[in-house]
Amino acid sequence: MFRPRIKFEHRPVRYGEDRIRIGGDIMGIAAEIGDPEGWVWALLNILDGTRTVDQVLADLVHRFPRLSHAEAREAVDDLIRAGYVYDTAAPPPERVIEAKWGRYDRGAMLLRWMDRTPDRGAWDAQLLLHQSRVTVVGLGGVGAAAAWALAASGVGQVHCVDGDVVELSNLNRQLLYTEQDLGRSKVEVAVEQLRKHNSQVSITGQHGVIDRPDTLWSLAAGCDVLLLAADTPGDIRSWTNRACLATGTVWVHSGYHGPQVHVGLYRPGSGPCSDCGRAARLERDATLPPLTGWAPARGQQGPHAANAVTAGITGQLAAHAVISLITGAPALPVNREYGVNLVTLRGHTVGLDSPRADCPACHGLV
Ligand SMILES: [Zn+2]
């Protein structure tokens, strides 16, 4: 029998006699509730997981005779719909009560805090992570940080793909590798390190360069979420987009341009795809006056400027996006890109409202 309890992470506070804040002070989670008659505060205090909904309503209406049963029921339903409540009667899954799950206590709390999905049990989001398969394409600064974060956070299966070996110039930002690993395959070292970090999850690897779209199709088909953390070959994002559209795989890409870091989240079939966004950028660029590059830079590639901070933030942001797609905690809006400028610490969002009718990748699929 459902016994609702306010999540500890969302525990309410009353200001004075008539104003309540629930969910702390974090935008996107917190809410203010007016309570001139005091019954909302009373309701929140009896939502302690010891009573069924009927018992909660009977108790409340008894204490506040002017309150109708329907009003009280609506208030309880609102709290449930808002994700502030979980069911204490739901027994914890077998795995959770095993001692080894103690390592995820803090992570489960964080997921509960960010989770606004109604009717979730206390460990449901963490369990979703445990049941998921994520493939990380590219184990440079971004992919290595993301794979580490995903394995540590309890993603059940992490598959790592890269064709490079560890070089000295990697060590300022790719923290899975050490001086002892120079010359070794990144995949081999990453799998070894991640298994040492978390032996409770499955870590696998695949050494190989991605030089054709087919490879991405098979990778996308074999996972729940694909994380693209590589930027070569030049078409790899578009290949990934098409592979994920064809297989219905949700995916994330993430990278940096100097101090500008970005992450994109895509759920195929639910809105504009990555190539829709690319087409829109090209169209906008075509309206600009002709550009002339700086002559001394002609023929040179752009700088690959990065350190452990920029690569780490980008990789962690990517892992956060992957966790969002798996658990809905938090439920980040998808089919768009988010950027953070590390010079100003300001963020921005870029995305189209709807798919482009002329998109070569998703036209007819969305
Ligand atoms: Zn598209």
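This is a tutorial dialogue about reading features of one predicted model.

User: Let's begin with the overall picture. How many helices and strands does the chain have?

Analyst: Happy to start there, with the reminder that the model is predicted. The chain has 12 helices and 13 strands. Along the principal axes, its C-alpha atoms fill a box of roughly 80 × 55 × 40 Å.

User: What share of the residues in the chain is buried?

Analyst: Burial is judged by counting neighbouring C-beta atoms: a residue with 20 or more others within 10 Å is buried, and one with 12 or fewer is exposed. Of the 366 residues in the chain, 40% are buried. Contacts add another view: among those between residues at least 6 apart in sequence, 67% join residues at least 24 apart.

User: Now the sheets. In what order do the eight strands of the open sheet come?

Analyst: For a sheet, read the strand order, then the sense of pairing, then the edges. Here the order is β8-β7-β6-β9-β10-β11-β12-β13, and the pairing is mixed. At the edges are β8 (202-207) and β13, each of which pairs on one side only. From one strand to the next, the twist averages 15 degrees.

User: How many bridges join β6 to β9, and do the strands run parallel or antiparallel?

Analyst: Strand β6 (residues 133-137) runs parallel to β9, and four bridges join the two. For a single pair to look up in the viewer, take Thr135, whose bridge partner in β9 is Leu226.

User: Which strands make up the open sheet of three?

Analyst: That sheet has the order β2-β3-β4, with antiparallel pairing. Its edge strands are β2 (13-15) and β4 (31-34), each pairing on one side only. The twist averages 30 degrees from one strand to the next. Within this sheet, β3 (residues 19-22) and β4 are paired over four bridges in the antiparallel sense. Arg21 stands opposite Glu32 in β4.

User: Ala31 is in strand β4. Which residues is Ala31 in contact with, leaving aside its neighbours within four places in sequence?

Analyst: With those neighbours set aside, Ala31 is in contact with Ile22, Gly23 and Ala82. Ala31 is partly exposed, because 14 other C-beta atoms lie within 10 Å, a count between the two cut-offs. Sequence separation and spatial distance are worth reading side by side as well: Ala31 and Ala89 are 58 residues apart in sequence, and their C-alpha atoms are 26 Å apart in space.

User: On to helix packing. At what angle do the axes of α7 and α8 cross?

Analyst: For two helices, look at the distance between axes, the angle, the handedness and the residues that meet. The axes of α7 (residues 141-153) and α8 (residues 186-197) come within 9 Å and cross at roughly 30 degrees. Angles under 35 degrees count as roughly parallel, so α7 is roughly parallel to α8. The crossing of α7 past α8 is right-handed.

User: Which residues in α7 and α8 meet?

Analyst: From α7 come Ala144, Ala147, Trp148, Ala151 and Ala152; they meet Ala190, Leu194 and His197 in α8. Sorted by class, this contact has seven nonpolar residues, one polar and no charged.

User: Finally, the backbone. Why would a positive phi or a cis peptide bond catch the eye?

Analyst: They catch the eye because most residues other than glycine have a negative phi, and most peptide bonds are trans. Two cis bonds can be inspected here. One joins Thr232 and Pro233, with omega about -5 degrees. Pro233 sits in the loop between β9 (225-228) and α10 (236-247). Another cis bond joins Ala329 and Pro330, with omega about 0 degrees. Pro330 belongs to the loop between α12 (308-327) and β12 (336-341).

User: And the positive phi values: what is phi near in Asn335, and what in Leu345?

Analyst: Phi of Asn335 is near 65 degrees, and phi of Leu345 is near 60 degrees. Asn335 lies in the loop between α12 and β12, while Leu345 lies in the loop between β12 and β13 (346-350).

User: Are Asn335 and Leu345 buried or exposed?

Analyst: Asn335 is buried, because 23 other C-beta atoms lie within 10 Å. Leu345 is exposed, because 7 other C-beta atoms lie within 10 Å.

How values were computed:
Residues are numbered from 1 along each chain as its sequence is written. This is a predicted model: local features need pLDDT of at least 70, side-chain atom pairs count only at pLDDT 80 or more; totals for chains, interfaces and linings use all residues. Two strands pair if DSSP finds at least two bridges between them. Axes are lines fitted to C-alpha atoms, for helices over the stretch in contact, and angles run from 0 to 180 degrees between N-to-C directions. Two residues are in contact if their C-beta atoms, placed from the backbone, lie within 7 Å. Angles under 35 degrees count as roughly parallel, over 145 as roughly antiparallel, 65 to 115 as roughly perpendicular and the rest as oblique. A crossing is left-handed if the near helix is turned anticlockwise from the far one by less than a right angle, and right-handed if clockwise. Ala, Val, Leu, Ile, Met, Phe, Trp, Tyr, Cys and Pro count as nonpolar, Asp, Glu, Lys and Arg as charged, and the others, Gly among them, as polar.
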